[in-house]
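Thanks for asking me to look this over. Here are my notes on the charged side-chain pairs.

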Amino acid sequence: MKIKEKAYYFTLTFFVLPLLLVSFWVMYAEKNKYEELLDKSMEIINDDQMKIIESFSESEKKHSEIISVLGKTKRCLKGNVSEKERQNLKAFLSSHLKIFNYKKSIAIVDAKGNIVSASEGYEHYDKQTVEKWIECIQGKEFFISDVVEKKDGEKFLVSIYPIKENEKVLGYVLSEIYTDFYSKLAEAPDLWESSTFYIVDSNEVLISAYNSKGKIKNYVTKKDERKQFGLVKAQIDFEKNPKGDFEYEVLGKKYVTFYSDVNNTKWRLFLSIDKAAYNPGEKFHNSLMMIIILICIVFFVAITKFFESYIIKPINTIINVLGELQKSKNYALRIPLKVKNEMGILIQEVNELISFAECEHTKSEEDKQILKEKSETDSLTQVLNRETFRSYCESRINRLTEYIVLFIDVDDFKAFNTKYGHLLGDHILIFVAQVLKDITGEVVGRAGGDEFVVFIENETMVKEIESTLQYIQDVLNKGFYDEKTGKQMSVKLSIGATYVKRTKEEIVNFENLIEMSDAAMYTMKKRQKGGYVLVRYFDKQEKGEE
């Protein structure tokens with residue numbers, strides 16, 4: 001055998017073949033890492049979407065709770081009220097409804113499902129449907145129904161919240177929610193190609209759905225094409241595994257679907273992707289091997305460097321970035337590598353996926369509001385600070401014709417601090433601020449210390465101001481629960497309210513307006529703590545309640 005042939009044989013046996021074997025092994029290991037990378041990426045999207053939905057559920061639960069604690073709500077359920085008070089409750093529900101553009105109506109039903117009161121626009125459901133909802137909420141604090149389709153084809157979801165007194169259920173708050181509520185919460189997911197995002201109810205009815213082109217109204221595949229999907233899904237015990245993933249085939253393509261059960265509902269969130277569309281694949285693998293065979297004999301060092309720079313390093317960098325992203329939740333992280341090959345496409349797709357997660361995390365209306373309010377709100381209570389409240393009022397007081405300003409002082413606040421400590425005092429202030437925001441739905445500010453101010457311009461609330469002030473007192477008298485001591489502490493307020501009704505010629509001075517409200521509040525304190533005094537700005541006629 002010639003030396004040249006021996007050199008070829010030696011090179012092939014002791015260099016090329018071992019290199020190929022090692023390369024195949026490395027590619028197999030990196031393929032597994034790629035699949036791990038894909039799983040982590042999809043979990044980030046899945047978890048972020050779930051947070052948006054659960055945040056909505058908690059908000060809706062809080063709004064229903066506000067209605068449930070109303071004295072007139074419970075009195076109407078007990079049946080011992082006049083027709084006037086029933087009408088007042090209906091008016092309150094209708095005014096409450098105006099605050100939320102994703103709701104169609106609000107209703108109060110008794111424990112047997114019979115209608116007691118409802119806002120404008122409420123259309124009665126048959127008793128069997130209401131009884132089914134009541135059965136679903138047994139043992140739960142809150143529940144949102146499956147999709148309900150009206151006779152006119154319009155679809156809704158219904159939230160149910162129990163109204164209790166001494167642990168006895170008196171009735172329920174029912175709120176009709178438009179099925180496109182999710183679209184109002186977040187921008188459309190910028191998904192990868194060949195992937196879909198669904199929110200479905202227990203009857204497989206779509207609540208919301210998106211693919212890479214945007215929002216869709218129906219499933220992207222036909223029912224018979226999803227047969228294997230249904231068979232695999234049917235084998236999952238969702239009670240034991242409320243969150244996970246599974247693989248299946250549709251029309252010869254392999255898919256993986258990530259799923260999560262949605263709390264307080266019978267819904268499920270599905271995020272599906274065609275794995276083959278984002279797999280380096282056999283063709284890429286073979287091409288890489290051919291390149292290695294052609295270059296390895298002469299350029300061994302160059303090949304090793306190429307392999308390290310263009311494959312292992314990018315994938316490890318991707319995995320490290322995604323791992324850090326999961327730990328720190330820092331959505332500003334990006335994969336810095338720029339590679340002009342298939343791996344570069346993968347890096348670009350992963351960066352776009354992270355960008356989507358960042359948008360979902362930061363671009364929602366709630367996050368935008370938080371960023372804006374950082375410079376405008378009181379750091380403790382999260383209501384407007386004194387200067388921002390003043391600026392807002394000065395921009396409105398001589399443009400509106402009718403409004404009310406409240407000046408509020410927490411009674412015996414120093415006693416709270418002295419007896420229980422300043423930390424509990426802070427919790428009391430946060431509690432009071434939240435109650436004022438939730439009940440009035442108007443602009444609330446902190447004047448300093450234990451004093452708050454509220455600017456009310458809603459026409460309905462201005463007309464019903466005495467009911468609103470009494471309701472605030474009722475909620476606070478119910479008390480603040482201190483988890484540390486286990487005590488329910490009643491909180492009383494002294495409120496000075498100045499009613500302004502002006503003509504185009506009359507000018508209102510902000511300082512005078514606040515001074516009048518402050519003076520009215522001190523008048524209340526001198527009489528008896530825990531009440532309100534209402535005065536008129538121009539005639540200074542006084543009206544109050546203790």
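The points below go through the salt bridges and where their partners sit.

1. Please bear in mind that this is a predicted model, in which local features need pLDDT of at least 70 and side-chain atom pairs count only at pLDDT 80 or more, while totals for chains, interfaces and linings use all residues. Residues are numbered from 1 along each chain as its sequence is written, and side-chain values use heavy atoms, with hydrogens and water left out.

2. Searching the whole structure gives 15 salt bridges (a side-chain nitrogen of Lys or Arg within 4 Å of a carboxyl oxygen of Asp or Glu).

3. One of them joins Lys233 to Glu204, with N to O at 3.1 Å. Lys233 belongs to helix H6 (residues 227-234), while Glu204 sits in the loop between strands E7 (195-200) and E8 (206-211), 29 residues apart. Helices (H or I, at least four residues) and strands (E, at least two) are DSSP runs, numbered from the N terminus. Lys233 is buried at 13% relative accessible area, whereas Glu204 is partly exposed at 35%. Here buried means under 20% relative accessible area, exposed over 50%, and partly exposed in between (1.4 Å probe, protein chains only).

4. Asp409 and Lys525 pair at 2.7 Å, N to O. Asp409 is in strand E13 (residues 402-410) and Lys525 in helix H16 (residues 510-527), so this salt bridge ties together parts 116 residues apart in sequence. Asp409 is buried, at 7% relative accessibility.

5. Lys463 and Glu459 form a salt bridge within helix H14 (residues 459-463), four residues or about one turn apart. Their closest N and O atoms are 3.3 Å apart, and both residues are exposed.

6. Finally, a network of salt bridges links Arg390, Glu394 and Glu511.
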